[in-house]
Amino acid sequence: MSDVYMPPRVWTNEADNGGQFSAINRPTAGAREDKELPLGEHPFQLYSLGTPNGVKVTVMFEELLEAGFSEAEYDAWQIRIFAGDQFWSGFVDLNPNSKIPALLDRSGPEAFRVFESGAILLHLAEKFDYLLPKTNPARAECLSWLMWQMGSAPFIGGGFGHFYVYAPERYEYPINRYAMETKRLFDVADRQLAKTEYLACADYTVADIAAYTWLGNLFHGAYNRCDVFLSLDEYENVARWVRAIDRRPAAIRGRLVNTQAMPERHSAADFDKVEDRSLFDPVRTRPDAL
């Protein structure tokens, strides 16, 4: 780094601190605009975006529907984080942390909120008794890998992704720091997947959904082809696991919801309206650039 930063005794926020998120990032919480969220007809109302954390939940819903749980029908509304929709009063009521995804569960006598992607996955898995082992030690192993992913994501997204792509300047130290941590996390997964078909056991679980959306995204070239920069092809067990989940019909559909290809999802018929049919191919291709 060319300049040595000496922190002041007391930190103050600089409004124009650079980076792609500088217009929306503030050191305070709470609503910035008094605006309610739209409501659909289904028992579950999801407010999200097609980022790795958001896709966890849409893949889970599609897995439930694929398995025949018709009562898991949902409306998925797009929250445009660069436009600040997450600071609408209606969204803050669902998630005081103003992060996607947020879920309104209206399937019972009393509607209630669930926020944080891992909490939503666990809530749905328990509600429908699906993709979560019932007894220990398998249940404990699944929950452990689910929480491993939840704790790991900030190092990949807010760490590596931020300093490699979104920061206003590129500096060697933070990029190296988080590149090393991202590769270490891939190695953790690769070593585990050398012993088991899926992360927690021989069966596909919510732990796989949670980790797949992040590791799979990087493996397929997110963050300006970081797969090349990080040599992600060397993790052969992760590659096998990613490609296996890539082919799952529910994963294919879940990856499309709340994206540019499909901003909202209100019924299975919405998938027929997606113009780029190559997005449904069972073999997921890497883009030349993102």
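What follows is a conversation about how some features of this predicted model earn their labels.

Visitor: Why is the contact between R253 and E62 called a salt bridge?

Guide: The label requires a side-chain nitrogen of Lys or Arg within 4 Å of a carboxyl oxygen of Asp or Glu. Between the side chains of R253 and E62 the N to O distance is 2.8 Å, and because the limit is 4 Å, the pair qualifies as a salt bridge. It is part of a set, since a search of the whole structure finds 16 salt bridges.

Visitor: What makes R253 and E62 a link between distant parts of the chain?

Guide: R253 belongs to helix α9 (residues 249-254) and E62 to helix α1 (residues 52-66), and the two are 191 residues apart.

Visitor: How do you know whether E62 is buried or exposed?

Guide: Buried means a relative accessible area under 20%, and exposed means over 50%. E62 has a relative accessibility of 2%, so E62 counts as buried. Its partner R253, at 17%, also falls under the 20% limit and is therefore buried.

Visitor: Which parts of the chain does the salt bridge between E62 and R265 tie together?

Guide: The closest N and O atoms of E62 and R265 are 3.2 Å apart, which again satisfies the 4 Å limit. Because E62 lies in helix α1 and R265 in the segment after α9, this pair ties together parts that are 203 residues apart in sequence. Both E62 and R265 are buried.

Visitor: Why does the pair E63 and R248 tie together separate parts of the chain?

Guide: The side chains of E63 and R248 meet in a salt bridge with an N to O distance of 2.8 Å. E63 lies in helix α1 whereas R248 lies in the loop between α8 and α9, so the pair ties together parts that are 185 residues apart in sequence. At 3% relative accessibility E63 counts as buried, while R248, at 23%, is over the 20% limit but not over 50%, and therefore counts as partly exposed.

Visitor: What makes E62, E66, E73, R253 and R265 one network?

Guide: These residues are joined into one network by salt bridges that share partners.

Visitor: What makes the phi of N224 and of S231 worth noting?

Guide: Most residues other than glycine have a negative phi. N224 has a positive phi of about 55 degrees although it is not a glycine, and S231, likewise not a glycine, has a positive phi near 55 degrees. N224 is found in helix α7 (residues 222-229), and S231 in the loop between α7 and α8 (236-246). At 39% relative accessibility N224 lies between the 20% and 50% limits and so counts as partly exposed, and S231, at 36%, is therefore partly exposed as well.

Visitor: Which residues are joined by the cis peptide bonds, and where do the prolines lie?

Guide: Most peptide bonds are trans. A cis bond joins I100 and P101, with omega about 0 degrees, and P101 lies in the loop between α2 (89-94) and β3 (102-105). Another cis bond joins N136 and P137, with omega about 10 degrees, and P137 is found in the loop between α3 (117-128) and α4 (138-166).

Visitor: Why is V114 called buried, and which residues is it in contact with?

Guide: V114, in strand β4 (residues 112-115), has 10% relative accessibility, which is under 20%, so V114 counts as buried. Leaving aside neighbours within four places in sequence, V114 is in contact with A102, L103, A119, I120 and H123.

Definitions and conventions. Residues are numbered from 1 along each chain as its sequence is written. This is a predicted model: local features need pLDDT of at least 70, side-chain atom pairs count only at pLDDT 80 or more; totals for chains, interfaces and linings use all residues. Side-chain values use heavy atoms; hydrogens and water are left out. Helices (H or I, at least four residues) and strands (E, at least two) are DSSP runs, numbered from the N terminus. Buried means under 20% relative accessible area, exposed over 50%, partly exposed in between (1.4 Å probe, protein chains only). Contact means heavy atoms within 4.5 Å.
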